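Student: I should like to work through this model by question and answer, beginning with its sheet and ending with its helix packing.

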Amino acid sequence: MPIGLILSGDSPRSQGKDADHAARLAELDAPLPPILVDRRTMRVIDGTHRLMAATLKGQESIDVEFFDGTAEEAFLRAVEANVAHGLPLPHADRRRAAERIIRSHPRSSDRAIARSAGLGARTVAKIRREMTGPGQQPVARVGLDGKVRPLNSAEGRRRAAEIITEDPMTSLREVARRAGISPATVSDVRKRLASGQPPAAAEATGMSGAARADRPRTVRGMPPVPSPPAAVVERLLRDPSLRHKQEGRQLLRLLQQNAIGTREWSELTTVVPSHCGALVVDLARQVAETWMEFARELDEGAQPEGHRAAC
């Protein structure tokens, strides 16, 4: 595509273009990836610095990949691209991008927006709370898998109770799919109905969803984690149900990498150069928040009851 036909885009970078970064790209001999351009407007979505580098090298044309979508979708794609590769997107810009995505995609889940903006889900949840009042929250959100789930789990539990009452033979997975909750939650609803209890404990106690979210949690069925963490990992390494699955082995590798002592972590801080400090701090916080989200999902019954007991 002729460079003269391409226009500047809506960049998530508040500081604008970085001439030094473009100059470094222009010095590379290897060909650069195509830039992403909005087909409707011919504006750059991703690749502004590559376009600048091509101009510095005296090129008259550049390889282009076209994007078809709305302006909101184009901005979302721009944020995702800037977070994933190239010149790192500053934390402040990622927060501003998250705010804009929350406004344009209010039904997207905190985790989905967090992945797009390169933030932690808890950070996105905090930003959302600051931007919107309780009455402005959507009743459901779209997760990373594209599925719509009720924001209030009690609502999903009530729907599950209706489905189970209408047809008690409906499978757990089918009820979960139709109600937008996990199979483990459906199982709990079924047990509650069988014992004459309401489908959600919060309905009996009057506890709100926000109160449940703020309540301290522990993983049910698991003993307190002993110290050092390496001992727990060693125990998990002997569990064949983890070792014999690819995802299980991946989880074990991640746990091994994180199960180092306080002294080892302290020693690692000394190897981070000052010019990388802010980036490593942001990344460490994102990883920590991701582990917290993982722990919450386990605590909410993401694994079957028998599997938890086996550990």
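**Sheet, helices and contacts**

Tutor: The model is a predicted one. Two bridges join strand E1 (residues 35–38) to E2, and these strands run antiparallel.

Student: Which residue stands opposite Val44 in E2?

Tutor: Strands of a sheet pair through backbone hydrogen bonds, either parallel or antiparallel. For E1 and E2 the arrangement is antiparallel, with two bridges. Opposite Val44 in E2 stands Val37.

Student: In what order do the three strands form the open sheet?

Tutor: The edge strands are E2 (44–46) and E3 (64–67), each of which pairs on one side only. Neighbouring strands are turned by 40° against each other on average, direction ignored. The pairing in this open sheet is mixed, and the order is E2-E1-E3.

Student: Which helix lies across E1, E2 and E3?

Tutor: Helix H2 (residues 48–56) lies across E1 and E2, running at about 115° to E2. The helix that lies across E1, E2 and E3 runs at about 40° to E2 and comprises residues 71–84; it is H3.

Student: Which residue in the loop between E1 and E2 has a positive phi although it is not a glycine?

Tutor: Most residues other than glycine have a negative phi, and most peptide bonds are trans. In the loop between E1 and E2 lies Met42. A positive phi of about 65° is found, although the residue is not a glycine, at Met42.

Student: What distance separates the C-alpha atoms of Lys17 and Met52?

Tutor: Lys17 is found in the segment before helix H1 (19–26). Leaving aside neighbours within four places in sequence, Lys17 is in contact with Ser8, Thr48, His49 and Met52. Lys17 and Met52 are 35 residues apart along the chain, and their C-alpha atoms are separated by 9.0 Å.

Student: Is the packing of H4 and H5 oblique or roughly antiparallel?

Tutor: Two packed helices are described by the angle between their axes and the distance between the axes. H4 (residues 91–104) and H5 (residues 110–117) pack at an angle of about 135°, with axes 9 Å apart. Roughly antiparallel requires an angle over 145 degrees. H4 is therefore, with respect to H5, oblique.

Student: How many nonpolar residues does the contact of H4 with H5 have?

Tutor: The crossing of H4 and H5 is right-handed. H4 contributes Arg94, Ala98, Ile101 and Ile102, and H5 contributes Ile113, Ser116 and Ala117. By class, the contact has one charged residue, one polar and, as nonpolar residues, five.

Student: Is H12 oblique or roughly antiparallel to H14?

Tutor: H12 (residues 229–237) and H14 (residues 246–258) pack at an angle of about 160°, with axes 9 Å apart. Angles over 145 degrees count as roughly antiparallel. H12 is therefore, with respect to H14, roughly antiparallel.

Student: How many polar residues are there in the contact of H12 with H14?

Tutor: H12 passes H14 in a left-handed crossing. The contact is made by Val233, Leu236 and Leu237 of H12 together with Leu252, Leu255 and Gln256 of H14. These divide into five nonpolar, no charged and, as polar residues, one.

Student: How many residues apart in sequence are the parts that the pair Asp188 and Arg157 ties together?

Tutor: The structure holds nine salt bridges. In one of them, the side chains of Asp188 and Arg157 meet at 2.9 Å, N to O. Asp188 lies in helix H9 (residues 183–194) and Arg157 in helix H7 (residues 153–166), so the separation in sequence of the parts tied together is 31 residues.

Key
Residues numbered from 1 in each chain as written. Predicted model: local features only at pLDDT ≥ 70, side-chain atom pairs only at ≥ 80, totals over all residues. Heavy atoms only, no water. Axes fitted to C-alpha atoms, helices over the stretch in contact; angles between N-to-C directions. Helix = DSSP H or I, 4+ residues; strand = E, 2+ residues; numbered from the N terminus. Parallel < 35°, antiparallel > 145°, perpendicular 65-115°, else oblique. Left-handed = near helix turned anticlockwise from the far one by under 90°. Contact = heavy atoms within 4.5 Å. Nonpolar A, V, L, I, M, F, W, Y, C, P; charged D, E, K, R; others polar. Pairing = 2+ DSSP bridges. Salt bridge = Lys/Arg side-chain N within 4 Å of Asp/Glu carboxyl O.
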